[in-house]
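Visitor: I would like a close look at one part of this protein, the pairing of two helices late in the chain. Please set the scene before zooming in.

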Amino acid sequence: MASSEAAPPRSRLRAVTRLASRRSRTGWTRVTSGFFQAVQMTVAAVGAYIIAERLLGHHGPIFAATAALVSLGYAKGGLRYRRVLEVSLGCTLGIIMGDLLIHVLGPGEWQAVVVLLVSLLLARFLDNGAIFTTQMGLQSVLVVLLPPSQDGVFARSFDAVVGCLCALLLAYVVPQDPRREPRQDLGALIDEFTRMLADCSRAVADTDARLAWHALVRGRQTQPLVDSVRTGLTGSREIVHASPLHRRHRREIDELSESIRYLDLAVRNSRVFARRLASVLNRVTLADEAITSLSEALSDLSDAVLSFGHALGESHVQSRESYLRQTRNELFSVAERLEPGTMGIRTMEGEALVLLLRPMVVDLLEAAGVTHDVAVRHLPALGRR
C-alpha cells in the first residue's frame, strides 16, 4: 500500500521535471536567438541617451533611450524595417503632439484626456498600424503626465528623434543575419515533417491506424511552422535588399523562398496522405508485399526530407550543393518505385495512397531545385506490372 501511494508523487515529480527541462530548453533557445537583437537594442538605447545628454546638453533624456528601445524591440523578422519606422514615427509624433498641446493647454488631467484622444485619432488618420497608434498615444500621454522638461518645450521631441534615428541606423547598417531566422524555422519544419513521414511508415508496417492519426495531428501542427518561415523570409528579403552588409546573401534567400513554396505544397499533400492512410488501415488489409514496399518508400522519403533539411541549413555553397544532390538522388529513387503494380498493391484503396505520394515527391523534387518536367519524368507510368 505504501509503495502504491508513493508512486503518484514520484510520477508528478517526473512530470514537473520534464516540464521544467522543456521550458529551460525553450527559454535558452529564445536567449540565444535573441542575443544579437538584445545587444542591438542596448547599444541604440544607451547611445541615444549619451548623444542627447552630451551633444544636445539635455538633462536626463530618458525619451531618447525609450524611443530607441521601443523602436527596435523584439519582433518577428516579418516587416522589420517597416516596424522600426512605424514605431519611430509613432514615438516621435506622439511626443511632439504632447509637447505641442501641453504648451497650448498646460498640464493637468483633463489636458491629458484631450492630448490622448487627439493623438489616437490623428494616428488612425495617418496610419492603420496598431503599433503606430499605440506608440503615438502612449508617448503623448506620458509627456503630459510627467513633470515638464527643464530643457525647453520641445526638448523631449528632439530626444525622441535622436532615439529613433539611432534605432533606424542600427537596423539598417548592422542588421541581424537574414539567413539565421528562416534556417531555424525551416529546421523545425523539416524535423516535424520527417517525424510525420516516419510515423506513417511505422503505421503501415504495424497496420496501426492510430499511429496514422497521430501522424495527421503532427502534420496539422506544421502549418504554423510554414507560416513562420514565410514571415521570416519576408523580413530577410527586406534586409538583403536594403542593407549593404547582407546583399551578397540575396541569392540564397531567394532560393530559400522558392524552396518553401514547394515544401508547403508537399506538407499539405502529406496531411491529405496521412488522413487517407488512417482510413485505409481501418478498413482494408494490405498484402504483405504492399505493406513492405509502401513502408520502405515512406521511410526513404523521410530520409530524403532529412537530407533536404541538412541542405537548407548549410551556409557553405559546396556543402549545400552536395546535400541537395543527395536529396535529389534519394527522391529520384523513391519516385521511380511509385507504381502500385510493381509495389504489390492490388486494392483500389492502396493504389489511392500511391497516387497521393506521387505529387508529394514531385513537390519535394521541385523544392530541391529540379524542374517540374524532370521530376515528372522520374515517375513510372501507371498500369505497369
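How many helices and how many strands does the protein chain have? And how do α12 and α13 lie against each other?

Guide: A word on the source first: this is a predicted model. The protein chain has 14 helices and zero strands. From the N terminus on, each element in the run is therefore an α. Of the 385 residues, 47% count as buried. Contacts across the sequence matter for the picture here. Take the contacts in the protein chain with a separation of 6 or more: residues 24 or more positions apart account for 77% of them.

Now the pair. Helix α12 covers residues 317-335, and helix α13 covers residues 348-367. Their axes come within 10 Å and cross at roughly 160 degrees. An angle over 145 degrees counts as roughly antiparallel, so α12 and α13 are roughly antiparallel to each other. The crossing of the two is left-handed.

Which residues make the contact? On the α12 side they are Arg-328, Leu-331, Phe-332, Val-334 and Ala-335. They meet Val-361, Leu-364 and Leu-365 of α13. By class, that contact has seven nonpolar residues, no polar ones and one charged one. Arg counts as charged, so the charged member is Arg-328. The spacing of such positions has a general background. An α-helix has 3.6 residues a turn, so residues three or four places apart point the same way.

Next, α13 by itself. At 1.5 Å a residue, its 20 residues should span 28 Å. The end C-alpha atoms of α13 are 30 Å apart, which agrees. This helix is mostly covered, with 14 of its 20 residues buried. Just after α13 comes Gly-369, which takes a positive phi of about 100 degrees.

Back to α12, at Glu-321. Its relative accessible area is 31%, so Glu-321 is partly exposed. Glu-321 and Ala-368 are 47 residues apart in sequence, yet their C-alpha atoms are 9.8 Å apart in space.

Now turn to the segment after α14 (372-377), where His-378 has its place. His-378 has a relative accessible area of 22%, so this residue is partly exposed; the cut-off for buried is under 20%. Leaving aside neighbours within four places in sequence, His-378 is in contact with Phe-332, Ala-335 and Glu-336. Phe-332 and Ala-335 have already appeared, on the α12 side of the contact with α13. The C-alpha atoms of His-378 and Glu-336 are separated by 5.7 Å, although the two residues are 42 apart along the chain.

Another helix reaches α13 too. Ser-259 is found in helix α10 (residues 250-283). With a relative accessible area of 9%, Ser-259 is buried. Not counting residues up to four places away in sequence, Ser-259 touches Phe-308, Leu-312 and Ala-367. Ala-367 falls within α13, at residues 348-367.

For comparison, look at helix α6, residues 155-173. At 1.5 Å a residue, its 19 residues should span 27 Å, and the end C-alpha atoms are 27 Å apart, which agrees. The buried residues of α6 include Ala-155, Val-162, Cys-164, Cys-166 and Leu-170. Arg-156 and Asp-159 are also among them.

Conventions. Residues are numbered from 1 along each chain as its sequence is written. This is a predicted model: local features need pLDDT of at least 70, side-chain atom pairs count only at pLDDT 80 or more; totals for chains, interfaces and linings use all residues. Side-chain values use heavy atoms; hydrogens and water are left out. Helices (H or I, at least four residues) and strands (E, at least two) are DSSP runs, numbered from the N terminus. The expected span of a helix is 1.5 Å times one less than its number of residues. Buried means under 20% relative accessible area, exposed over 50%, partly exposed in between (1.4 Å probe, protein chains only). Axes are lines fitted to C-alpha atoms, for helices over the stretch in contact, and angles run from 0 to 180 degrees between N-to-C directions. Angles under 35 degrees count as roughly parallel, over 145 as roughly antiparallel, 65 to 115 as roughly perpendicular and the rest as oblique. A crossing is left-handed if the near helix is turned anticlockwise from the far one by less than a right angle, and right-handed if clockwise. Contact means heavy atoms within 4.5 Å.
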